[in-house]
Amino acid sequence: MRSRIAKYFRKIGRDKRGLIIFIAIFALFIFLRFYQIEERNQFHIDQVNDAWVVKNFIVDGKVPLLGTPARLNSGIFMGPLYYYYLSAFYFFTNLDPVAGGVSSGVAGIITLLAIFFVARELFSTKFALIAMVIYTASYAAVTADRIQWTVNFLVPVSILMFYALYKAITGSEKHLLLLGIALGLSFHVHFTSVFYLLIILLTLPFFPRTRISAKYLTYGILAFLVVMLPTIIHMLINKGGGDLISYLGIFYHGIHLRRVMQLISDAFIQFEQILFFPQLKILGFFLLPIFGLFYLKEKLNRNRILFIYLAALWFLVPWFILSLYSGEITDYYFLIGRPIVILILSYFLYRLITNPLPMLKVIATLIIVVYAYINVNKFLTFEQRSLSYYKEETMRRIKSGEKIEFFEGSPESYLYYIYKERHEN
């Protein structure tokens, strides 16, 4: 395994031009995710609640067996791996919430590398570099990567699930192991991981039926169970499962065509967010089928048909499942489609850049440069009430002799603890 990884990076290193471009994009990525980390990263209710959980783990030794709640007051929780991940950053910053910004930035790096790896494996290095540029510069991606929460890992898990499932249904049995690991990790990230269960069900007819596939399917199931072990233990001890059934019973309202049509904009909202320009919103409804036509016209074979089928499921399944749900819906419930959007947009730009006509190469380059400039400028001019504001406000209140009482979700109460109470106890 180690030799294969080394061989992979040696192969990348031989492409000097590609390596220079990769480093340049990566440097821009680091700047956009870590620049003014306290001044531009938020520390609001979700981040404060996570900070208290991590504090209880590090200081009081209370090991979390449950992760973040799937929905407030739903009684349904994700797995706890995210808290363990976050704890490492809080430990090294001595509980300073700047750890949240660093952890989200590192999660962004993981996402970027996952996008590069999958794009390169499925297409080419040049294609992967284009995908990197889009994800690096996208205002929607930058702002998402600067929010510390479990949603940070929705995109990398999604693209790894897509890659593993695509490879599995096109004959690579060993990727069933990666599929099991990625599926298990998804249940530590967000409740929209249930989308993958239906997606897998809809791709079962294409799974290879060989003795080797049975072996790797067994490995994948075992890997899934190992990753899910903390949640399984909690459910066995507390006889869990009833909350999920009760919650689904409350918010399930059946299939209604009107509700399906209401969610059509949400189903393709990731196109709108990554495209950035409001004038291009309408394209989001057509780019997937247009991509399918171009991709199959370029070369018609079974693998490409399955690729289009899988890409369509990444949008249609969330659309269908959430149309059955009567609760509140937010845009990040459709976030699993973001990496597919990036691959589709990269494909069109790649076709322009690799076209023999010089004018088309120039047009593609201009599109990338203008897109990056406008998105980055938007990020640099955006302001919000950030971590630095709450730190300054808390220190002001401490210096004035004010005692800040604990209040759930209050940034000042957590900062008061690490600045004042922790040193007094």
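Helices here are DSSP runs of H or I, at least four residues long, numbered from the N terminus. With that in hand, here's a quick tour of this predicted model. The chain comes out with 23 helices and zero strands, and of its 425 residues, 50% count as buried. Below we look at the chain as a whole, then its nonpolar cores, its cavities, and a few residues worth finding on screen.

**The chain as a whole**

- Take the contacts between residues at least 6 apart in sequence: 74% of them join residues at least 24 apart.
- The chain exposes about 21300 Å², and 67% of that comes from carbon and sulfur atoms.

**Nonpolar cores**

- In soluble globular proteins, nonpolar side chains tend to be buried together.
- The largest nonpolar core in this model has 113 residues.
- The members of that core that touch the most other members are Tyr90, Met161, Leu165, Phe271, Leu310, Trp314 and Tyr414.
- Pick out Tyr414 and, setting aside residues up to four places away in sequence, you'll find it touching Phe43, Val48, Ala51, Trp52, Lys55, Tyr90, Leu95 and Pro97.
- Another core, of five residues, lies apart from the largest one, and its members include Tyr139, Val142, Val376 and Phe379.

**Cavities**

- The structure holds three cavities of 30 Å³ or more.
- The largest cavity has a volume of about 60 Å³.
- Its lining is made up of Asn41, Gln42, Phe43, Gln47, Pro97, Val98, Gly100, Gly101, Arg146, Gln148 and Leu387.
- Sorted by type, that lining has four nonpolar residues, six polar ones and one charged.
- Helix 6 (residues 98-122) supplies the largest share of this lining, with three residues.
- The second largest cavity offers about 50 Å³ of space.
- Around the second largest cavity sit Ser265, Phe268, Glu272, Lys281, Gly284 and Phe285, which split into two nonpolar, two polar and two charged.

**Arg33, a buried arginine**

- Look for Arg33 in helix 2 (residues 16-34).
- Arg33 has a relative accessible area of 0%, so it counts as buried, the cut-off being under 20%.
- Leaving out neighbours within four places in sequence, Arg33 is in contact with Gly105, Tyr135, Thr136, Ala141, Val142, Asp145 and Arg146.
- Two of those partners turn up elsewhere in this briefing: Val142 belongs to the five-residue core, and Arg146 helps line the largest cavity.

**Asn94 and Leu95, a pair with positive phi**

- Most residues other than glycine have a negative phi.
- Asn94 isn't a glycine, yet its phi is positive, at about 60°.
- Leu95 also has a positive phi, near 75°, and is likewise a residue other than glycine.
- Where does Asn94 sit? Asn94 is in the loop between helix 5 (81-92) and helix 6.
- Leu95 is found in the loop between helix 5 and helix 6 too.
- Is Leu95 buried or exposed? Leu95 has 1% relative accessibility, so it counts as buried.
- Asn94 has 47% relative accessibility, so it counts as partly exposed, a label that covers the range between 20% and 50%.
- Leu95 ties back to the core section as well, being one of the residues that Tyr414 touches.

Methods
Residues numbered from 1 in each chain as written. Predicted model: local features only at pLDDT ≥ 70, side-chain atom pairs only at ≥ 80, totals over all residues. Heavy atoms only, no water. 1 Å grid on protein atoms, 1.4 Å probe; cavity = no way out; pocket = protein on both sides within 12 Å on 5 of 7 lines; lining within 4 Å. Points joined across faces, edges and corners; volume = space filled by probe spheres on them. Helix = DSSP H or I, 4+ residues; strand = E, 2+ residues; numbered from the N terminus. Nonpolar A, V, L, I, M, F, W, Y, C, P; charged D, E, K, R; others polar. Core = buried A, V, L, I, M, F, W, Y, C linked by side-chain atoms within 4.5 Å. Buried < 20%, exposed > 50% of the residue type's maximum accessible area, 1.4 Å probe, protein only. Contact = heavy atoms within 4.5 Å. Areas by Shrake-Rupley, 256 points an atom, 1.4 Å probe, with all protein chains shown as cover.
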